[in-house]
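I opened my notebook to look up how the helices pack and where the pockets sit. Here is what I found, entry by entry.

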Amino acid sequence: MPTRRRPRRVNTRGWWGILAACLAVCVPLVAVAAGAAWPLAGGAAAASLGLAGAVVVLLSAMTLALTAWSWDRWRDQAIFIAMFGFVVKIVLMAVLLTVVPAPGWLDTLGAGVGALLAIVAWQATEVLVFARTRRQVYDD
């Protein structure tokens, strides 16, 4: 008996659809991971995991929102604007990591796990949804 393949969902909302999908995956994932870390590694590790994951999600969402916003308004400049936003995000993270002192309660392993979890989940979701996005790049 032949198996039926489910049709793949196509993202018709462009960059905004990618942003919505990334947030829908990453926010609950970071929350569940922080909740699971509480009994396993303690409150400091759980809070550190949640904080680092939230920072990664927030900065990634800001970059993707800038991309979506610029794509809707200035499509011919959108790639440049998106790259500029990405560079600003990296510089901002570098400044935060070097200038702002880490709180005493911060668990570095928990924070590292939270940041890594959020980065991998965000990037995987972004790539998978982007592959299912159908948008015309240039006007004919």
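**Entry 1: terms first.** Before writing down any pocket volume, I noted what counts as a pocket: an open set of grid points with protein on both sides within 12 Å along at least five of seven lines. The volume of such a set is the space filled by probe spheres set on the points. I also noted that this is a predicted model.

**Entry 2: the second largest pocket.** I looked up its volume and got about 190 Å³. Its lining consists of R9, V10, N11, T12, R13, G17, A20, A21, V129 and R132. I asked which helix gives the largest share of this lining. Helix 1 does, with 3 residues. Sorting the lining by class gave me 4 nonpolar, 3 polar and 3 charged residues.

**Entry 3: the largest pocket.** Here the space comes to about 950 Å³. I found 34 residues in the lining, and V55, V56, L59, K89 and M93 are the ones nearest the centre. Helix 1, helix 2, helix 3 (78-99) and helix 4 are the elements that each give two or more residues to this lining. Helix 2 contributes the most, with 10 residues. By class, I wrote down 26 nonpolar, 6 polar and 2 charged residues for the lining.

**Entry 4: helix 1 against helix 2.** Next I turned to the packing. The axis of helix 1 and that of helix 2 (residues 43-73) come within 8 Å, crossing at roughly 175 degrees. Angles over 145 degrees count as roughly antiparallel, and helix 1 and helix 2 are therefore roughly antiparallel to each other. I split their contact by class and got 25 nonpolar, 4 polar and 1 charged residues.

**Entry 5: helix 1 against helix 4.** How do the axes of helix 1 and helix 4 cross, and at what angle? Helix 1 spans residues 14-41 and helix 4 residues 108-131; their axes come within 9 Å and cross at roughly 150 degrees. That angle makes helix 1 roughly antiparallel to helix 4. I recorded the crossing of these two helices as right-handed.

**Entry 6: who touches whom.** On the helix 1 side of that contact I listed W15, G17, I18, L19, A21, C22, L23, V25, C26, L29, V30 and A33. Across from them, helix 4 brings L117, A118, A121, W122, T125, E126, V129 and F130. The class split for this contact is 17 nonpolar, 2 polar and 1 charged. One cross-reference for my notes: G17, A21 and V129 are in this contact, and G17, A21 and V129 also appear in the lining of the second largest pocket.

Definitions and conventions
Residues numbered from 1 in each chain as written. Predicted model: local features only at pLDDT ≥ 70, side-chain atom pairs only at ≥ 80, totals over all residues. Heavy atoms only, no water. Axes fitted to C-alpha atoms, helices over the stretch in contact; angles between N-to-C directions. Parallel < 35°, antiparallel > 145°, perpendicular 65-115°, else oblique. Left-handed = near helix turned anticlockwise from the far one by under 90°. Contact = heavy atoms within 4.5 Å. Nonpolar A, V, L, I, M, F, W, Y, C, P; charged D, E, K, R; others polar. 1 Å grid on protein atoms, 1.4 Å probe; cavity = no way out; pocket = protein on both sides within 12 Å on 5 of 7 lines; lining within 4 Å.
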